[in-house]
Every structure is written in C-alpha cells, then in structure tokens.
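Welcome, and please open your viewer. Let's walk through this structure together, one selection at a time.

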Amino acid sequence: MKCQQCEKPATFHITELTGGKPVELHLCETHARQYLTAPSNETAAVGSMAAMLAHQMAVGQTAEELAQLDQQSCQVCGITFYEFRSQGRLGCAHDYVGFQAQLEPLILNIHGELEHVGKRPRRPAVGSEKRTQLIRLRRTLKEAVEAEDYEQASKLRDQIKQMEQEEK
Amino acid sequence: MEINDFVQHTGEWLSGAGPEADIVISSRVRLARNLADYPFMSRATAQDRENIKKILRERVLEVVPQANVLCVEVDKLEKIDCQFLVERHLISRELAEIQGARAAVIDTAEKYSLMINEEDHLRMQAMQSGLNLQSVWEQMNRIDDAIEAKVAYAFHEKYGYLTACPTNVGTGLRVSVMLHLPALVITRQIDKVFRSLQKINLAVRGLYGEGSQAMGDFYQISNQITLGRSEIDLVKQVGDIVPVIIDYERQAREFLIKESHENLHDRVSRAYGILRTAQTISSEETMHLLSSVRMGVNLGLIRDLAIPTVNELFLRTQPAHLQKLTGGELDTSDRNIERARFLRKLLNKENGNSGAAHN
C-alpha cells in the first residue's frame, strides 16, 4: 500500500477516533510523523497533557479570575501559574505548596488520588524551609548580578556558601 | 570504555532471553527524582545546571561500580553519538535534543542508565530482556536507595517525590514492557486492545516512547498513574496485564496459521527474501519486514535464523548504528545502500546460503 500523501510505501496505519466516525489513514514514516505532531494532535505527549488539562481546568472561570490566577507567582522560583499552564512544567518543588489550590484538582484529574503511598526517603527530611531559602537566595543572587549590584551579590554569595557548608 | 565500544554489542535487554521473550522484548522501569535544593529544570540557571550535574554525577559514581559505567557529557557529544545512544534506549530523545549542561551514566552491560538534567534532575532506568518486571524494579530500587543515602531528594509528605511535571509526581515510577505484536496488527485487533488498556489507565506508546510511532509492530505498555499507588502495586498492575496481551497475540498468531497459512507464510517469506536481496532499503521498510521475519522465526516458518540475530538487526540497521558501523557520515540514499549491504551480508552468512548474495 502506498502512502496517501506520497509515493513511499505506507508503513503507518492510523485510525483516528477523535472525530465523529473513525477515519483510516495510511502514511509513510515522514508523513505519519508530520500528521501526528501537527498542533491538533497535541495530546500525544504527556507533557502537553498536563498543560492541556490545566487549560481545561480553567474553563468556567471568568477572564478576570483567570488573569489574576495567572499572575500569581511562586515566591521561591518566580514561575507564574500561567507559565506552568502553557508549558506543563513546574519551576520548583515549592510550587506544589504555593499553587496547591490550583494544582490539586489537576493532580486528582491525572491520578485519581492525592496522596502518595509508596516508598519514602529513609533519611529524615532536612528542614524544607532551608532548602527553599537556598533556591530563593540563588535566584536573588542571579538578579543582583544582572542588576550589577555587586555589593549585594557578594553578600548573597557568602550567605549561600555558608548554608551549603552547613549542609555537609 | 567509549561509546564506540557499544557498536559491536547488543545490550542484554535485546538478547532475546528471559520469560516470554518471543513477544516481550524487554522489561523496564524508570524513576524521576529531583534534588531538594535546586529549582526544576525550567527555572534552573546555567550555573544551577552545572551544579546539579556535578553533584549528581559525583554521588552516582560513589554508588555504582565505576569500572562498569560510561560517563557521558551529552552536551559535548557529536550528534551522531547522541542518536546512537537514543537508538539503544540508553538515553531519551529529550536528553539528546535539549540544550545546556547534561550528562548520562551508562552501565556497560546496558542493564541500567542514569540521565542528569533531563525533564527532571535525575531520571534513571533499569532494563532486562523478557518479562522480568519484579527483578528490574528491585535493581532500580537498590540504586535509588543508595543514591538517596547521599542526596536529599525533593519530597513532600503528602505528594511524595516531586517532579517537574505533575503527571510523574508521587512514586515518579514508570513501569513498562516492550511488546512485539505483529499478529494483532495484521488481524486489526490492536486498536481494540489499546482502547481496553486505556480504560484501565495504561498508556501505549511506540518504540521510542512518548509521541513516537509503533515501528516494527513494537509497542510499549506502561502505567499512566504514578500517585496513590505503591511501587509494588504499579509493577503488579503492568505485570498482570502482560500475560493477557501475550495470550491475545498468541491467539491471533494461531488464527493466522490456521485460517490463512499460505498468506502468512508468503508474507514472511517475501519479507525474508527482500531483506536478503535488496540493494537499497530504508530504515522504516527494514523494520516493517524484520517484524514479519521475527514472527516467522517464532512460528517456525523460518528455521535458519535465530531471534537474537533478528533483535540485533532491528538495532544495527538504524541510521546512527549503520553510520557507526561503516565509520562515517552518510546521506539517506548512501545509508539505504549500506543498510541493504549489511542485511545481505548478515542474513546470508547466518543461514549459510551464499546464493542470494550474488543476486
């Protein structure tokens, strides 16, 4: 069988079930890839699935609410909920706490559960406060360097170093 | 050990050994982990990436036997070497394609590999040939425990291991098997199987994971859910469904043998014939034909070829492998000629029949 879009043999036989009735497609590798990566088929990747779900969750909210929600940013990594919604990736571990209200419905939608029941780290969790503070300090340091505020930057660098030393 | 040393081998996971190896190519588990005191990749600065890479590589090398691993700086790798590792499933496409500092630590026996700075700080996988999920998980768990003793992972009391994408949160565990299902494809039952798998929250993917297509009738079945179930449960969930799919595939094969023996034998023999005599052949056609040949060997329709050889051909006829083998970059049309040459040489040597080679 030949590809429906060129002369090459069709090695991909796709049955599209998303429309009203099933549509059969017979394509070569190149055209199959093109077809499957076309924007209308975003669901293929799980990364974008999270983004898609996040978009769906937003349905029903007013534009104003949405805009407000999207402007909320994580105090540790600085990512906004809008950025997460568009890329499907969170910015840091603290987002799970900072965006808890928005994330829980999404997590429930994906997993059907909210609580982890598997293995746990054996080592006692070191104060998570300190960890998020480290992430925050590193970000502030980067901003200070970018703003050419070297005095502030050198203070921050010492502070980070000291905290990292305490770790060991 | 260098990347080129892999060229003459195939990994253990392709050896065709282990339970149900006629249909189950390999069992694989992967864990996603992040360091507690760095932002996830999307917010990591270049300096963060360097630090994460350095820390994780040092810790990992304290844990795994150094003499038996290859440490790869993926950002300094030639494109063809990246592609070569992707074809062997030792690194992901994502790791090969993204930018910035990133690394991989690869077991030379290809039973496990660890990726640093992929979608999460640390992605590690263990694999074995045949249906062996339990033992693969145990091996992965040991490595995870050993690393965990040395670093603080991002972990939340309620949500478990925290990952960049909420689809992996909780256990961070993906349990998967790679299945060869040609008879279900021929009898057009594969969609039905997939739909029923999706209903029980299992994902079906092609040969190279997320978003890839089912070349050569290979399919990866894996858990979709990672939160709210224990690792053992997830291993069991995937492990329990595999015998059912194996059974479907066997039934479909029996049906083909009984109801259309001539057609099946013809299909298999033609595929074998083309592979042994073609003068130029694309990668996709090779996979397609090898799939028929593989089933033919398993059904006794081809008697002068062994499964490990067929498995090896699937791997070594892929673009980067072929170029490694011939030792130079080739454009598509030269590759197709080299691929045909390689297939003729290997298949005609294998069965001791030199006739076809002179065609």
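The tour starts at the contact between two chains and ends at a strand. Keep in mind throughout that this is a predicted model.

**Stop 1: the interface.** Select chain A and chain B together. The contact draws on 55 residues from chain A and 59 residues from chain B. About 4800 Å² is buried between chain A and chain B, with carbon and sulfur atoms giving 57% of that area. Now pick Y96(A), H111(A) and K119(A): they supply 17% of the area that chain A buries against chain B, more than any other three residues.

**Stop 2: polar links.** Next, show E104(A) and K158(B), which form a salt bridge whose closest N and O atoms are 2.7 Å apart. Across this interface there are 7 salt bridges, and 24 residue pairs are in polar contact. Colour chain A by element: on the side that touches chain B, α6(A) has the largest share, 7 residues. That side has 26 nonpolar, 11 polar and 18 charged residues.

**Stop 3: a strand in chain B.** Move to β3(B), residues 103–107. Why is this strand largely enclosed by the rest of the structure? Because 5 of its 5 residues are buried. A103(B), V105(B) and D107(B) cover one side, while A104(B) and I106(B) lie on the other.

**Stop 4: its neighbours.** Add β2(B), residues 69–73, which pairs antiparallel with β3(B) over 5 bridges; here V69(B) has D107(B) as its bridge partner. Then add β4(B), residues 112–116, joined antiparallel to β3(B) by 4 bridges, with A104(B) opposite M115(B). Finish at the hairpin of β3(B) and β4(B), where E110(B) in the turn has a positive phi of about 60°.

Technical notes
Residues are numbered from 1 along each chain as its sequence is written. Chains are lettered from A and ligands numbered from 1 in the order in which they are written. This is a predicted model: local features need pLDDT of at least 70, side-chain atom pairs count only at pLDDT 80 or more; totals for chains, interfaces and linings use all residues. Side-chain values use heavy atoms; hydrogens and water are left out. Contact means heavy atoms within 4.5 Å. Buried area is the accessible area (1.4 Å probe) that two parts lose on being put together, summed over both. A salt bridge is a side-chain nitrogen of Lys or Arg within 4 Å of a carboxyl oxygen of Asp or Glu. A polar contact is a pair of N or O atoms within 3.5 Å; within protein, one must be able to donate a hydrogen and the other to accept it, and residues adjacent in sequence count only if both atoms are side-chain atoms. Helices (H or I, at least four residues) and strands (E, at least two) are DSSP runs, numbered from the N terminus. Ala, Val, Leu, Ile, Met, Phe, Trp, Tyr, Cys and Pro count as nonpolar, Asp, Glu, Lys and Arg as charged, and the others, Gly among them, as polar. Buried means under 20% relative accessible area, exposed over 50%, partly exposed in between (1.4 Å probe, protein chains only). Two strands pair if DSSP finds at least two bridges between them.
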